[in-house]
Amino acid sequence: MDALLSITGVTVRFGGVDALTEVGFEVPEGALLGLIGPNGAGKTTMLRAVTGMVRPQAGSIVLDGAEISRLPTHRRVGLGLGLSQQIVRPFAGMTAVENVALAAGYAKTADPLRALAAASRQAERERALALLDLVGIADAAESLPAELPLGYLKRVEVARALALDPKVLLLDEPLAGLNTNEASRLADTVVDLNRQGTTVVLIEHNLSEVMRVCRHLVVLDNGRKIGDGDPAEVMADPAVRDAYLGAGSEGSGEARDAAA
Amino acid sequence: MYEISLLTVMCFSVIFALSLNLITGFCGQISLGHAAFYGIGAYTAALFTTDGGSFWLALPLAMAVAGFFGFIVGFASLRVRHDFLAITTMGVGFLFTGFVRQQEFLGGEEGIAGIPDPGIGQIPYMLLCAVLAAAVIAFSLYVKRSWMGHAFDAIATDEDTARTLGIDVARYKLTAFVFGTALAGLAGALFAHYVKFVEVESFDFIESISVLAMVIVGGIGSVWGVVVAAAFLSVMPLLLQVFADFKLLFYGVLLFAVMYFAPGGIDSLMRMLWRRISGRRTAG
């Protein structure tokens, strides 16, 4: 399989802190790849480097044959990245369905003058409603973000990323804040989307869901890659076990998910 | 006639206030120097018609020149945000007045007098201003409904997240600045041919604050709220001498009151009132 997203030697430093050191991995087309690691391992920084919200000091990021590491975020999204952020950022003045419809109108909003020429939102609203239904929160379509619990907002965030019809869907802890049922249901939705052809990179602390759904794992620790491959083999690696048990974050992550 | 005068002032003030509403209300980019573009439009039109140019050509020319400078200033909004943008645009306003004062060809401190009358009579001029104001109101309402308005909304709320939805934030901001400053230029040209005399004091910091007050009092981003506020606040100094004498004091108190009691301005007050009335009706 060809790599749809190919990351090579990405290094990110914040001041004197090395957040990522020469990290590289490949995301084959059709993959459902789990990007895991203890807190502070650099997972979110990796996604932010891929989307262009963080500029790496070195490295190359190739999406579907195009080098994107110098492009601004909106161009990368235009080329096929969809991001669901860990910390939800809904537009406060828009209802859930309007939030998703805005993303679904990406072809219209890409250019200001084309955006000015179009007023009808009917098709995008319908698509948004279908996506909210897909992630299981159709009942919240007309609610404002301030009226919704975190578990709903996480799914608005995921629906908004899906509305971009991404080639690669980047999900940063989509399950955090969801109860066990909601989490496994959303994880199943992600698996379905993946089966239908969307390539997915999933950052998740909920290891049981990661082990259940991912067919490939990349493990980061302290900004370095310490594992890459089949989930069972990777988790059997002593270095990976050390990083997890040493940092003790597997337990806290699971405990938090269970509490939520 | 006095009433015709008041209506004319109202109409170009509505255009001026809606022009800032496009930038600050719709797109969320604060400007404390918007009077500069009003001035650029007024001076462009004044120079053109005193030199024998047609009034009808002066209007689009004023829009083009103001929009051109708006495009350049718009680049500032790509580099700085929020309070830093406020300071930068304030600097643009001071730069404009400082520049004009030094220029012989702009009349320096004395300004430009003897701007020719458009020659259509007082009532038709008022009607022209009214038609243009109506067109700008319609344009504002349309922009708000369009996908451009939807994207502006997102940028005003959270531009970083807007980027992750594929929105080219820079181009939208520049578009808002070009549209907004070009319309300010139109208002300036209409003002210049109404008073027939332009001087730099008409476009100073106080004027920038006045138009910002119209937008804030009306309700940031609300088209009808801003129309009402602009119509009302623009003629107050003409109706009440005491308001004219203490204009800044009044604006200060008004801005404070709106921010403290009704941050949504007239728009939210009207909505609140409407809910009460319709609530009582269903209850009764």
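**Entry 1: the two domains of chain A**

Two residues are in contact if their C-beta atoms, placed from the backbone, lie within 7 Å. With that cut-off in hand, I opened this predicted model and started with the domains. The domain assignment splits chain A into domain 1 (1–80 + 166–260) and domain 2 (89–165). I looked up the distance between their centres, taken over C-alpha atoms, and got 24 Å.

Next I looked at where the two domains touch. I found 14 residues of domain 1 of chain A in contact with 13 residues of domain 2 of chain A. On the domain 1 side, H2, E7 and H8 of chain A each supply at least two residues. H8(A) has the largest share of that side, with 4 residues. By class, I noted 8 nonpolar, 4 polar and 2 charged residues on the domain 1 side.

**Entry 2: strand E7 and its partners**

E7(A) had turned up at the domain contact, so I followed this strand further. Is E7(A) enclosed or open? I found 5 of its 5 residues buried, so E7(A) is largely enclosed by the rest of the structure. I then checked the two faces: A:Val168, A:Leu170 and A:Asp172 are buried on one side, and A:Leu169 and A:Leu171 are buried on the other. That fits what I know of strands: in a regular strand, side chains alternate between the two faces of the sheet.

Which strands pair with E7(A)? Strand E6 (residues 81–84) of chain A runs parallel to E7(A), and 4 bridges join the two. Here I saw A:Leu83 opposite A:Leu170. Strand E8 (residues 199–203) of chain A also pairs with E7(A) in the parallel sense, over 5 bridges. In this pair, A:Val168 stands opposite A:Thr199. I traced the chain from E7(A) through H8(A) to E8(A) and noted a right-handed β-α-β crossover.

**Entry 3: two residues with positive phi**

I kept in mind that most residues other than glycine have a negative phi. A:Glu173 caught my eye with a positive phi of about 50°. I located A:Glu173 in the loop between strand E7 (168–172) and helix H8 (180–195) of chain A. Buried or exposed? A:Glu173 is buried, because 20 other C-beta atoms lie within 10 Å and 20 or more is the cut-off.

A:Asn222 also has a positive phi, near 55°. I found A:Asn222 in the loop between strand E9 (216–221) and strand E10 (224–229) of chain A. With 16 C-beta neighbours inside 10 Å, A:Asn222 counts as partly exposed.

**Entry 4: the antiparallel sheet**

I moved on to an open sheet of 4 strands in chain A, with the order E2-E1-E4-E5 and antiparallel pairing. Its edge strands are E2 (17–28) and E5 (66–67), each pairing on one side only. I looked at one pair inside the sheet: E1 (residues 3–14) and E4 (residues 58–63) of chain A are joined in the antiparallel sense over 5 bridges. A:Ser6 stands opposite A:Val62 in E4(A). Helix H1 (residues 43–51) of chain A lies across E1, E2 and E4, at about 70° to E2(A).

**Entry 5: chain A against chain B**

Last, I looked up the contact between the chains: 25 residues of chain A are in contact with 22 residues of chain B. The elements giving two or more residues on the chain A side are helices H2 (73–78), H3 (96–104), H4 (106–109) and H5 (112–117). Which element gives the most? H2(A) does, with 4 residues. I noted 15 nonpolar, 7 polar and 3 charged residues on the chain A side. H2(A) also appears in my first entry, on the side of domain 1 that touches domain 2.

Notes: Residues numbered from 1 in each chain as written. Chains lettered and ligands numbered in written order. Predicted model: local features only at pLDDT ≥ 70, side-chain atom pairs only at ≥ 80, totals over all residues. Buried ≥ 20, exposed ≤ 12 C-beta atoms within 10 Å, placed from the backbone. Nonpolar A, V, L, I, M, F, W, Y, C, P; charged D, E, K, R; others polar. Pairing = 2+ DSSP bridges. Right-handed = clockwise from strand over helix to strand, strands pointing away. Domains from an automatic or database assignment. Axes fitted to C-alpha atoms, helices over the stretch in contact; angles between N-to-C directions.
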